[in-house]
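Please look over the sequence and the model below before reading on. The paragraphs that follow start from one chain and then turn to its neighbours.

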Amino acid sequence: MSTVAASTQFQSAEAPRTFKAAIVMGVFALVVFVAFGVFGKPDNVTFQWSKPDDVIHIPDFIVGSSLVGLAIGAILILIAAIVAVNASRRRRNPQWISLIFGFFAIIALLAWLAAGNAVPFAFILGNAIVLAVPIALGAMGGIMSERVGVVNIAIEGQLLTGAFLAAVVGSLTDSLLLGLVAAMVGAALLSMVLAAFAIKYLVDQIIVGVVLNVLVLGVTNFLYSQWLANDGERSNFPGTFDITPIPFLSDIPIIGPALFENRLTTYLAFIIIPVLWFFLFKTKLGLRARAVGEHPLAADTVGINVARTRFWWVTLGGVVAGLGGAALTIGSVGAFGRGMSGGQGFIALAVVILGRWHPFYAAAAALLFGFSIILRVWANQVSPGIPTDFITMVPYLVTLIAVVGFVGRVRAPAADGQPYIKG
Amino acid sequence: MKLELRGITKRFGTLVANDNINLVVKPGEIHSLLGENGAGKSTLMNVLYGLYAADGGEILLDDVVQNFKGPGDAMAAGIGMVHQHFMLIPVFTVAENVVLGNEPTSALGVLNLDEARKRVREISDRFGFDIDPDALVEDLPVGSQQRVEIIKALARNAKVLVLDEPTAVLTPQETDELMGIMRDLAKAGTSIVFITHKLREVQAVADRITVIRLGAVVGEAKPTDSAGSLATLMVGREVDLNVHKSKVSLGSSGLRVSGLTVVGDRHTKVVDDVSFDVRGGEILAIAGVQGNGQTELAEALVGLRTPSAGSIHLGELDITHSSVREVIDAGVGYIPEDRKKDGLVGDFTVAENFMLNKSYAPPFAKGISIDFANRDRLSDELISDFDVRTPGRETLAKQLSGGNQQKVVVARELSRDLSLLIASQPTRGVDVGSIEFIHEQIVATRDAGKPVVIISTELDEVTALADRIAVMYRGRIIGIVDGKESREKLGKMMAGVAV
Amino acid sequence: MTTTPKAVKADARWSIAAKEIVSGGAFRAFLSVLLGFVVGALFMVGSNEEFLKALSYFTARPTDALTAGWGAIADGYAALFRGSIYNYNADNLVAALRPITETLRFAAPLIAAGLGVALAFRVGLFNIGASGQILFGALAATAVSTRVELPWGIHLVVAAVTAIIASAAYGALVGFLKARTGAHEVIVTIMLNYIAAGLLTFAFRQESLLRETGGGGTPKSDAPAETAQLPLLLGDSYMLHAGIVLALVAVVIYWWLMERSTIGYRFRMVGHNADAARTAGINVELTFVAAMAVSGAFVGLAAINQALGARAGLTPDIDGSIGFDAITVALLGSSTAPGVLLAGLLFGAFKAGAPSMQVIGLSPEVTGVVQGFIVLFIAAPPLIRAIFRLPAPQKTTVVADWWARLTRKKAAK
């Protein structure tokens with residue numbers, strides 16, 4: 001309830017300082033400094049900023065691997081120190097500090113992995129982005145749902161639905177656009193089930209979400225093995241969207257090819273993320289949606305239809321997540337594979353929290369997971385024998401550390417997961 | 001604007017919350033709707049506001065029949081409401097809260113927050129409120145939050161303003177200020193419906209009074225009528241507001257609190273250097289406006305909050321840093337202020353609720369298994385001794401009425417061998433019959449020579465029960481006075497005036 | 001005090017009792033299972049080629065389509081029956097009875113893990129981490145079963161206890177993080193699932209750790225030593241091992257713990273209303289940790305089943321889908337001991353029936369469809385009530401009173 005007792009009413013006591021974030025960052029910084037720097041590999045590493053056929057060619061940057069470890073380790077220690085100073089002065093640390101920290105940590109990891117080898121930067125960034133797209137779109141769907149107070153565990157099911165329908169409809173109709181539409185509609189229908197159960201029948205939202213995942217997995221597995229596996233030529237051979245470079249923009253050094261030589265699904269993600277941000281925080285509809293997610297009764301008393309608001313935001317969230325599913329098939333590899341979402345919907349769920357229910361931060365968190373996937377693949381090639389299982393685990397560990405509050409307390413929409421019972 | 005309700009009826013299942021209610025509010029008048037807890041006042045106003053659909057009757061504004069499908073319709077027709085629990089979104093700014101649902105926008109639905117700020121400032125200036133449109137609501141004191149609610153209604157051009165129990169969270173001073181605002185608004189032509197169960201406030205500000213009881217209008221009254229006659233009308237019978245108790249015979253050992261300080265969730269000293277003694281056989285009432293640290297004090301006494309300084313002694317026993325379990329084992333009975341949240345498990349049966357804080361020891365447990373035979377026998381005894389109206393011990397607690405739920409809590413706590421009883425708002429939201437029963441039980445505990453601490457925001461309850469009264473204000477005890485102290489003096493103390 | 005029972009006549013009480021049962025959870029679960037099978041049948045028909053062919057000339061000869069459709073359903077469920085209960089086509093009795101033993105074998109880990117998830121449910125916690133807890137327990141069990149040499153019997157016990165402790169600890173970690181930081185257990189368990197999978201894969205890939213002796217690059221462990229294997233129950237003709245015995249014992253322990261003991265009472269209290277529990281002197285944080293540890297211990301039995309019931313080397317997908325199936329088992333069984341037992345047996349039968357469905361050309365994944373729809377119906381009581389026009393939940397307690405009298409001999413008058 002909003003009847004918050006006034007803080008000004010009482011004698012204030014000293015707020016305790018919290019050094020959790022500084023400690024976590026300090027540990028990571030030391031690991032980088034010691035493992036990648038002091039005990040790092042002396043071999044040179046070549047940072048290839050450009051691909052050979054780029055219009056504007058930036059020369060490769062060759063440097064000792066351990067030197068990078070030392071330098072970046074020092075930078076990270078400095079950042080951790082800044083965070084510690086802020087904490088001791090009881091100042092809030094801005095969110096972007098963690099983003100910068102994460103960026104440098106990834107560079108250090110790249111340099112360590114590729115000692116004696118080259119880092120194809122554009123290749124890694126480009127792949128990380130493509131891999132991040134389904135996760136990011138799933139997370140946007142999750143944000144849309146949770147911002148109005150409906151927890152959406154069914155993102156996994158929505159990605160799978162989208163992936164399946166995009167491939168099958170795209171293949172049968174020979175039209176990728178129709179496949180895309182089918183993916184969005186299918187996932188939206190799934191969202192409607194979630195919304196109806198959660199809003200009308202007041203069923204526990206987490207349970208409905210889990211159940212929908214089980215259901216979609218069961219149905220797509222069956223249809224895949226009974227039908228697609230035997231009839232793949234006709235029903236599971238959609239092809240993919242063409243890679244369309246955007247003139248001029250794709251010529252920007254380093255980031256140009258990674259950002260502006262992509263498929264339609266990736267471009268749609270680039271559009272959806274800022275548009276969602278704009279709608280949530282700058283428009284009337286966004287204000288109302290957030291009001292419903294924070295205090296539905298209050299929203300109701302000013303004439304906002306809580307059930308309808310929730311229903312449509314959750315449904316539209318499904319449309320976006322379905323698009324993410326399509327990105328898995330016709331936006332990437334083409335054919336549908338059994339259970340091919342492989343837990344990315346659950347990662348999206350984590351990304352929603354890691355990104356604090358904010359489209360931009362969530363997109364950054366999704367990119368972190370994109371990096372982890374491509375780094376594992378790439379690391380296996382450049383330096384076999386590296387325990388890549390640990391690289392796989394890093395983003396999960398980071399998420400875990402974030403949700404248990406070591407990097408600052410995250411605050412979910414107040415009514416997240418709570419049914420609104422009227423009258 | 002003239003408001004008229006004709007034959008409004010509202011049922012919840014078999015319960016008739018409003019039964020054929022008629023009410024006329026003239027333009028520019030302050031019309032008070034008086035009734036005790038559960039009489040159906042809030043239901044009636046929620047019907048008026050379009051939150052509930054009525055099962056019968058009609059609403060007229062300026063003699064035109066209205067058909068509200070939701071609060072939006074009611075607001076559009078000129079009805080504004082300040083709810084008992086504020087309908088504000090804590091993480092939004094004042095301006096965002098005020099325009100929510102009625103947002104000024106430029107093209108494409110983009111919010112125009114400058115316009116929103118302007119609206120807030122206009123109204124704020126007109127009535128002399130001091131409200132910053134860009135402040136986050138959660139950072140504002142309760143009194144200011146209420147003003148935001150009023151601004152919110154006025155920004156929508158409310159011609160009829162409904163105030164639902166608006167003084168529950170205010171100090172007497174803030175209450176006076178609110179009444180001034182109400183008079184100003186009425187003078188400016190706004191009709192005001194003032195819902196309350198506090199006789200004094202009705203007499204102070206109302207032009208006319210309608211009394212409702214058990215969902216039906218039982219009569220009209222004038223503010224000049226005596227408090228006694230208003231009370232009789234409200235409750236339906238002669239009310240003896242006095243509790244009969246024998247003279248104090250003080251025992252020796254009791255509760256000794258000294259220098260107790262508790263730091264709250266928002267890093268403020270919600271209990272600030274509090275000291276008092278309660279001896280066996282006396283009732284100390286802790287009075288004060290809600291939100292002045294009483295809840296936290298009670299929670300610190302029973303071990304739910306850790307004090308940052310000071311000490312609590314029960315007889316010779318130091319329980320300052322004891323766990324809740326140790327405090328319970330030391331014989332402290334506790335009736336929490338929110339029984340549904342803290343006092344009961346709604347999805348447990350009545351019998352299971354009786355063993356809530358003694359589940360680990362005989363007679364309820366044998367080793368680590370539950371002693372069902374003993375539990376069932378004791379449950380049936382408690383149900384009959386404490387007059388709990390329930391189909392049986394296997395009935396779920398949530399299916400009982402508020403009064404009977406509270407009796408389950410009281411029975412559980414008083415059936416133990418107590419060394420101290422702490423009762424926080426023991427009769428909140430309870431019908432008059434149960435109030436009398438619970439008061440009797442509390443006095444009986446005192447007469448048995450136990451120390452008793454009552455925490456109540458209701459002055460009537462405080463003066464009826466207390467042998468001594470401690471008044472809390474902003475986390476401090478402003479003074480401890482005799483139980484027969486005058487209301488005027490208590491009221492001043494509650495506003496922070498040390499006497 | 002008002003009492004209903006004595007005043008009401010016996011026959012009225014029968015009808016009240018009937019109404020209570022019809023509106024109750026068990027009956028709804030039964031209907032949900034029934035409906036699930038119906039939907040599964042529709043999927044079988046819809047994917048049957050003969051039926052689809054006959055459908056193209058439906059108006060001309062509708063009987064063809066109907067016969068084909070009915071045939072598809074009958075064949076499908078008959079295959080499921082043959083594969084999971086009794087194979088009436090088998091040459092001898094030993095082979096004919098094999099399906100039911102397979103059902104029990106597959107049901108064992110589902111029941112154990114289902115109990116773990118169910119226990120967490122009762123404490124108000126959503127343990128999605130059964131998968132991670134199985135992996136972590138299996139990792140510990142495999143370390144003991146492949147890298148330690150102990151005499152027969154002792155080896156098994158040590159490996160099993162190690163697995164239970166490991167799974168319980170992994171579960172307790174979730175409770176600890178929730179209690180200390182307020183982090184939501186759903187996210188925490190999902191993350192810990194991936195972390196457990198990473199750790200297990202890492203260990204199975206490193207030669208110095210648990211990689212198969214002489215194995216290659218793919219992560220795989222040795223088979224558990226014979227001294228550490230769960231013994232076969234019915235001789236060499238059947239693969240059924242002692243895992244089912246553990247599961248059944250777990251069911252009894254779970255029932256006593258949750259319904260009869262003060263520990264279970266406190267778990268339930270925290271689950272229903274943590275604030276009231278705190279006020280009643282319960283250490284809620286500690287209860288979260290303890291409950292997740294016990295939940296993890298039950299899941300640990302599934303880990304034992306997977307790691308020590310195997311006769312070959314283990315791979316990182318050792319938990320199969322048990323972790324998630326356990327959630328559906330707990331949901332279908334409404335977190336009660338008998339419910340979880342029955343639900344586990346049902347889903348075990350689905351797994352056991354897969355090969356024989358494959359034989360007749362029906363994808364065994366159809367059981368996944370049935371399973372999905374069952375839990376969908378279970379999750380939405382109002383939906384089932386609307387479909388079958390069932391009465392709303394009753395406030396009377398006639399059945400509960402009878403049950404109390406039946407189970408508590410010494411209950412006083």
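What radius of gyration would a compact globule with 499 residues have, and what is the value for chain B? In this predicted model, chain B has a radius of gyration of 24 Å, which agrees with the value near 23 Å for a compact globule of 499 residues. Along the principal axes, the C-alpha atoms of chain B fill a box of roughly 70 × 50 × 45 Å.

Within that box, the secondary structure of chain B comprises 17 helices and 22 strands. Of the 499 residues in chain B, 52% are buried, and when contacts with a separation of 6 or more are considered, 67% of those in chain B join residues 24 or more positions apart. Chain B is divided into two parts, with domain 1 covering 3-235 and domain 2 covering 254-494, and the centres of these domains, taken over C-alpha atoms, are separated by 33 Å.

From the fold of chain B we can turn to its partners, beginning with chain A. Here 32 residues of chain A are in contact with 40 residues of chain B. On the side of chain A that touches chain B, helix 11 (284-294) and helix 12 (296-301) of chain A each supply at least two residues, and helix 11 of chain A gives the largest share, five residues. Sorted by class, this side of chain A has 14 nonpolar, 13 polar and five charged residues.

The contact between chain C and chain B takes 28 residues from chain C and 34 residues from chain B. Two or more residues of the side of chain C that touches chain B come from each of helix 10 (262-272), helix 11 (274-279) and helix 18 (398-407) of chain C, with helix 10 of chain C providing the largest share, six residues. This side of chain C divides by class into 10 nonpolar, 10 polar and eight charged residues.

The interior remains to be considered. The largest nonpolar core holds 439 residues, and those that touch the most other members are A:Ala136, A:Val351, A:Ala366, B:Val162, B:Val471, C:Ala112 and C:Ala163. Which residues does B:Val471 touch, if those up to four places away in sequence are not counted? With that restriction, B:Val471 touches B:Ala287 and B:Gly288, as well as B:Ile477, B:Ile478, B:Gly479, B:Leu490, B:Met493 and B:Met494.

Note on methods: Residues are numbered from 1 along each chain as its sequence is written. Chains are lettered from A and ligands numbered from 1 in the order in which they are written. This is a predicted model: local features need pLDDT of at least 70, side-chain atom pairs count only at pLDDT 80 or more; totals for chains, interfaces and linings use all residues. Helices (H or I, at least four residues) and strands (E, at least two) are DSSP runs, numbered from the N terminus. The radius of gyration is taken over C-alpha atoms; the globule rule is 2.2 Å times the number of residues to the power 0.38. A residue is buried if 20 or more other C-beta atoms lie within 10 Å of its own, exposed if 12 or fewer, and partly exposed in between; C-beta atoms are placed from the backbone. Two residues are in contact if their C-beta atoms, placed from the backbone, lie within 7 Å. Domain bounds come from an automatic or database domain assignment. Ala, Val, Leu, Ile, Met, Phe, Trp, Tyr, Cys and Pro count as nonpolar, Asp, Glu, Lys and Arg as charged, and the others, Gly among them, as polar. A nonpolar core is a set of buried Ala, Val, Leu, Ile, Met, Phe, Trp, Tyr and Cys residues joined through C-beta atoms within 7 Å.
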